[in-house]
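Here are a few friendly notes to read alongside the model. I have kept them short, and they go from strand pairing to packing.

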Amino acid sequence: MGDGTLPGVEGEVRVEGETYAAVELVTPIGPLGVVVTPRGVLAVGLSGLGAAAEAAAGLPGLTAGPLPGALERVRAEFDAYFAGGLRRFTVPIDWRLSSGYARQVREALYVGVGYGETVSYGELARRVSGADVEGEFGAARAVGRAMATNPVPVIVPCHRVLAADGSLHGFGGGLEMKRRLLALEGAVPDVLF
């Protein structure tokens, strides 16, 4: 692994000599850490920069460096989103921390569940597989695992995935953060922020 490759990702992505930049944003839901590469947003940390920076550190050969244009674009889009003026992020995503079924699920969520919409874990599993391959419970659990390990939450909106009965279930930043994101988008009542 010291050879500059990332195992487990299609095509063994080479990153040697590539730079990343990181920023911690102050938002209405708390600090968000964001790591960008020349390819796009690599990671978003729901509790600040620490978790997002760890993701970058896990890619061999990736080193800190300046990417001011990319950071400003990310900052502008998050500001617009939290102000209610951005319905879909347009910053590119660096998908290297996603692979296999988890990446399929995240891409389906990113493309198919818009601002203010929600989907159940089971429905998202059906959208990805087109069939009930593992049984509904197993498929929904697999989607839950993909959401729990989503490296770019908010941009890839795992907060929009709910339990089958419509209740809030699981979110890396906690259920209150999930509720606040959904309230911002008008998907749940905005009570006592």
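1. Let's start with the first hairpin, bearing in mind that this is a predicted model. Strand β1 (residues 19-27) runs antiparallel to β2, and the two pair over 7 bridges. Just 2 residues lie between β1 and β2 in this hairpin. If you would like a pair to look at, V26 has P31 in β2 as its bridge partner.

2. On to the next hairpin. β2 also pairs with strand β3 (residues 40-45), again in the antiparallel sense, over 5 bridges. Here too a hairpin makes the connection, with 2 residues joining β2 to β3. Within this pairing, V36 is bridged to V41 in β3.

3. How enclosed is strand β2? Of its 8 residues (30-37), 6 are buried, that is, under 20% relative accessible area, so β2 is largely enclosed by the rest of the structure.

4. Now for the packing. The largest nonpolar core has 45 residues, and those touching the most other members are V34, V41, F78, L109, M147 and I155. At least two residues of this core come from each of β1, β2, β3, α2 (68-82), α3 (100-112), α4 (121-129), α5 (136-148) and α6 (175-184).

5. V41 deserves a look of its own. Setting aside neighbours within four places in sequence, V41 contacts V34, V35, V36, V74, V91, P92, I93, D94, V152 and I155. Both V34 and I155 are also on the list of core residues that touch the most other members.

6. Finally, please don't overlook the second core, which is separate and has 9 residues, including A43, A52, A56 and L59.

Note on methods:
Residues numbered from 1 in each chain as written. Predicted model: local features only at pLDDT ≥ 70, side-chain atom pairs only at ≥ 80, totals over all residues. Heavy atoms only, no water. Buried < 20%, exposed > 50% of the residue type's maximum accessible area, 1.4 Å probe, protein only. Helix = DSSP H or I, 4+ residues; strand = E, 2+ residues; numbered from the N terminus. Pairing = 2+ DSSP bridges. Core = buried A, V, L, I, M, F, W, Y, C linked by side-chain atoms within 4.5 Å. Contact = heavy atoms within 4.5 Å.
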